[in-house]
Amino acid sequence: MRVLLIGANGYIGRFVADRLLADPAVQLTALGRGDDADVRFDLATGSPGALTRFLDAVHPGVVVNCAGATRGGARELTRHNTVAVATVCEALRRSGCGARLVQIGCSSEYGPSQPGSSTAEDAVPRPGGPYGVSKLAATELVLGSGLDAVVLRVFSPAGPGTPAGSPLGRLAEAMRRAMQSGDGELKLAGLGVQRDFVDVRDVARAVHAASLSAAQGVINIGAGRAVRLRDAAGVLARVAGYGGALHELDGPPGPLRGAIAHPRGDSEHAAPVAYPYPDGCGSWQQADVRTARDRLGWRPRINLEESLADIWMEAACRI
């Protein structure tokens, strides 16, 4: 099976590449903007015609799109998350390869949900910020393209390689700094938020399964369990051997005490957050993952403690 992987250098894309390369039946070609891609191509600026010619030459059976942007203004997010996907869909429609498309979506497309509820694929999306809007628009383009396509709505990925700007990445960095400086207490904001964390290696397994399946439409990929960030911080402290006290500051994530609240490290100069929660998902998200089980035969295997241990191992190497 020939697979064209777009965005192989990204957080999820790296693990998808590893998973696909481990399958001896897969012939993998990586397309992206980096120098180490097999083929250099920028989806946000390249033409569908140029991509079509490449598809006709390589003739993949599956195209996996892990590319996209998680930060930036509305214009940049739209260019990299929506226009780029429009280019992929149009190129696949023009091409004679007949490839299946596996698109990586995200839980921010749903927006806030009722605390205690599990969000299923038939929920009405109400994204609470420009990132979720740009990803939802991409999903709608894929679903309306007429292609053999599936969108995996990934909830909150965790594990090795977790970006430093993510909540768990900022938490690990704050703890590393506290341990390095000998601080006996750590003050953090936004620990009341609850998210469905799924290990990035399990996400890669889901992508592999979706590539081999005939499933179409939207499929949630998550652990099926919301975890309070305060509890994740406690687990991380135990894994790290941090014996200090964790003090939670009042209020939702914001620019103060930016270890958890804001993607920038320098909280004193952080710009105000445009939405109460940067991902636009409110205080609670939990996935209903029955569709992934029934249609992909997929279940998460790696628990959050193992994911956090891997996050801490990488953070500790910076001490």
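Which residue of β2 is the bridge partner of Arg 2? It's Gln 27. The close-ups below start from that spot and then move on to helices, rings and charges.

A quick note before you look: this is a predicted model, where local features need pLDDT of at least 70 and side-chain atom pairs count only at pLDDT 80 or more, while totals for chains, interfaces and linings use all residues. Residues are numbered from 1 along each chain as its sequence is written, and side-chain values use heavy atoms, with hydrogens and water left out.

**View 1. Seven strands side by side make an open sheet.**
Follow the order β3-β2-β1-β4-β5-β6-β11, and you'll find that the pairing is parallel. Strands here are DSSP runs of E with at least two residues, helices are runs of H or I with at least four, and both are numbered from the N terminus. Two strands pair if DSSP finds at least two bridges between them. At the edges sit β3 (39-40) and β11 (217-221), each with a pairing on one side only.

**View 2. Zooming in, β1 runs alongside β2.**
Five bridges join β1 (residues 2-6) to β2 (residues 27-32), in the parallel sense. Besides the Arg 2 and Gln 27 partnership, look for Val 3, which stands opposite Leu 28 of β2. Four of the five residues of β1 are buried, so the strand is largely enclosed by the rest of the structure. "Buried" means under 20% relative accessible area, "exposed" means over 50%, and "partly exposed" is in between (1.4 Å probe, protein chains only).

**View 3. Helix α2 lies across four strands of the sheet.**
Those strands are β1, β2, β3 and β4 (62-65), and α2 (residues 48-58) runs at about 165° to β2. For angles like this, axes are lines fitted to C-alpha atoms (for helices, over the stretch in contact), and the angles run from 0 to 180 degrees between N-to-C directions. Which residues of α2 are buried? They are Gly 49, Leu 51, Thr 52, Phe 54, Leu 55 and Val 58. These buried residues pack against β1, β2, β3, β4 and α3, where contact means heavy atoms within 4.5 Å. Just after the helix comes His 59, with a positive phi of about 55°.

**View 4. Tyr 11 and Phe 15 form an edge-to-face pair.**
The structure holds two aromatic pairs, and in this one the rings are 6.5 Å apart, centre to centre, with 90° between the planes. Rings of Phe, Tyr and Trp (its six-membered ring) pair if their centres lie within 6.5 Å; planes under 30 degrees apart count as stacked, over 60 as edge-to-face and the rest as tilted. Why are Tyr 11 and Phe 15 separated by about one helical turn? Because they are four residues apart in helix α1 (residues 11-21). Are these two buried or exposed? Both Tyr 11 and Phe 15 are buried.

**View 5. Tyr 110 and Phe 155 form a tilted pair.**
Here the ring centres are 6.1 Å apart and the planes make 35°, so the pair counts as tilted. Tyr 110 lies in the loop between β5 (100-106) and α4 (130-143), and Phe 155 in the loop between β6 (149-154) and β7 (156-158), so the pair ties together parts that are 45 residues apart in sequence. Tyr 110 and Phe 155 are both buried. Arg 153 joins the scene too: it lies over the face of Tyr 110, 4.5 Å from the ring centre. A charge sits over a ring if NZ of Lys or CZ of Arg is within 6 Å of the ring centre and within 35 degrees of the ring normal.

**View 6. Glu 90 meets Arg 93 in a salt bridge on α3.**
A salt bridge is a side-chain nitrogen of Lys or Arg within 4 Å of a carboxyl oxygen of Asp or Glu, and the whole structure has 16 of them. Glu 90 and Arg 93 are 2.6 Å apart, N to O; they are three residues apart in helix α3 (residues 74-94), so about one helical turn separates them. Glu 90 also bridges to Arg 94, with the closest N and O atoms 2.9 Å apart. Glu 90 is partly exposed at 23% relative accessible area, as are Arg 93 at 43% and Arg 94 at 49%.

**View 7. Arg 238 and Glu 305 meet in a salt bridge of 3.5 Å, N to O.**
This pair links distant parts of the chain, 67 residues apart: Arg 238 is in helix α7 (residues 229-240) and Glu 305 in helix α10 (residues 304-316). Arg 238 counts as exposed at 53% relative accessibility, whereas Glu 305, at 40%, is partly exposed.
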